[in-house]
Amino acid sequence: QKDYNAHKIQPVTLVRPLERKHITGGKLDTIPTYQDDYRSWEVQRSEPSKVEHIYHPPIEKFGNSTTFQDDFVPRELNPRQSFKPPSVAKLSDVPFDSTTSHRTSYIAHQLAPKFIRPKEEYKPSNQPFEDLTTHRNDFKGLPGQLAKSCKPENAKVGSNAHFNGVTEFQDRFQPWLVSLPEVRKRKEYVPPRGNMDFNSMSHLDYVKHEISPAVPIRPVSNGRTTNAPFQGNTTTKEDFKAWGSCRQEIIKKQQEIPKPTGKFYDLTTFKSHYIPHHIIPAQSFKPVHAIVPNSAPFQDETMYRTEYTPKKQETCPANYPSPPGYVYVNTDSHGHKFFRQLTPEYSESNSNPIPKEVAVLS
């Protein structure tokens, strides 16, 4: 505020060149260089300069042989002799030796009897069971009266008098005389005269021919029967010999770690170091929630009971054949009747009642 001097500054004007517009009123009529230099020439279609060459197959027979025909000399095939040994199983006369290292090295040991831990006996507690819950301790039955129902009485609205009105069905329905339908009589069947001829064209024109059954065309069997016995020996029966086999015993692995022979000492560090202490239950500082019973009656009055006023159910005026307080006006094309109600209303200047017309649809 001390050193600053305010200066008057004018707004900066925009420095733009003056827009020069060259506008002439004449019509531009020029010819471009392309249109001036270009001339359309009449070009004629050039004829193809292709020489027609018609193929004429030769008349002489082709007699030149190929290099394969010249070099190839047909020779007879000589198959090589196979040096593969015959695949015949060599049978041994020595009996089969079934001794194994497991059978020779295995030594059967007698198992020690299994240790059975004695079952601990259940010891019940000497203290009596405290079955007093918070609900039994805090809850006390309070004497009271049953709540009264505020539901209004279900009074049936109706009248025992006989209905003497006229309904829409009685006004519209007119009994019509209905005539019984005419029953058309069936014509009696008259059988034709004369006897009926049951012979047909097929039965008269059919000629029965005696035809022999067709003989089946089968080729002559050239089977040869011989009385020589059947040789049922095969290569499988001659080469296969049944070996006598026995069930192999179970292979057991030799036990490397010897089993202990002494008695199992099952005393743990928890059992040896644990010292049982007598538990003293903590004292409860919760105040005693005792409910003092009151002999005064329970005040169950509500605003609904005190302010509720039962009202009389009014009967709809449409139920009456001629509703009281209404004057019949007319009936429309749909059968609805209109009535006019005379309601007394008093004006400020005159104390005489003014009738008011009200349309009621029944």
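Asparagine 330 stands opposite phenylalanine 338 in strand 2, and that pairing opens our set of exercises. The structure is a predicted model, in which local features need pLDDT of at least 70, side-chain atom pairs count only at pLDDT 80 or more, and totals for chains, interfaces and linings use all residues. Residues are numbered from 1 along each chain as its sequence is written, and side-chain values use heavy atoms, with hydrogens and water left out.

**Exercise 1. The strands**

Find how strand 1 and strand 2 pair, and what lies between them.

Step 1. Locate the elements: strand 1 covers residues 326–331 and strand 2 covers residues 337–341. Strands here are DSSP runs of E with at least two residues, helices are runs of H or I with at least four residues, and both are numbered from the N terminus.

Step 2. Check the pairing, which requires that DSSP finds at least two bridges between the strands. These two run antiparallel over five bridges.

Step 3. Add another opposite pair: tyrosine 328 faces phenylalanine 339 in strand 2.

Step 4. Look at the connection. The two strands form a hairpin with five residues between them, and glycine 335 in the turn has a positive phi of about 90 degrees.

Step 5. Place valine 327, which is found in strand 1. Its relative accessible area of 34% makes it partly exposed (buried is under 20%, exposed over 50%, partly exposed in between, with a 1.4 Å probe and protein chains only).

**Exercise 2. A charged pair**

Work out which residues form the salt bridge and where they sit.

Step 1. Apply the rule: a side-chain nitrogen of Lys or Arg must lie within 4 Å of a carboxyl oxygen of Asp or Glu. The count comes to one salt bridge.

Step 2. Name the partners: arginine 172 pairs with glutamate 168, and their closest N and O atoms are 3.9 Å apart.

Step 3. Relate them to the helix. Arginine 172 and glutamate 168 are separated by about one helical turn because they are four residues apart in helix 5 (residues 168–172).

Step 4. Compare with the solvent: arginine 172 is exposed at 54% relative accessibility, while glutamate 168 is partly exposed at 43%.

**Exercise 3. Aromatic rings**

Classify the ring pair of phenylalanine 68 and phenylalanine 72, then that of phenylalanine 169 and phenylalanine 173.

Step 1. Set the rule: rings of Phe, Tyr and Trp (its six-membered ring) pair if their centres lie within 6.5 Å; planes under 30 degrees apart are stacked, over 60 edge-to-face, and the rest tilted. This gives five aromatic pairs.

Step 2. For phenylalanine 68 and phenylalanine 72, the centres are 5.4 Å apart and the planes at 10 degrees, so this pair is stacked.

Step 3. For phenylalanine 169 and phenylalanine 173, the centres are 5.2 Å apart and the planes at 10 degrees, so this pair is stacked.

Step 4. Add accessibility: phenylalanine 68 is exposed at 58%, phenylalanine 169 is exposed at 60%, and phenylalanine 173 is partly exposed at 46%.

**Exercise 4. Distances along and across**

Give the C-alpha separation of asparagine 137 and alanine 290, and that of valine 327 and isoleucine 257.

Step 1. Asparagine 137 belongs to helix 4 (residues 134–138) and is partly exposed, with a relative accessible area of 43%.

Step 2. The C-alpha atoms of asparagine 137 and alanine 290 are separated by 8.7 Å, with their positions 153 residues apart along the chain.

Step 3. Valine 327 and isoleucine 257 are 70 residues apart along the chain, and their C-alpha atoms are separated by 122 Å.
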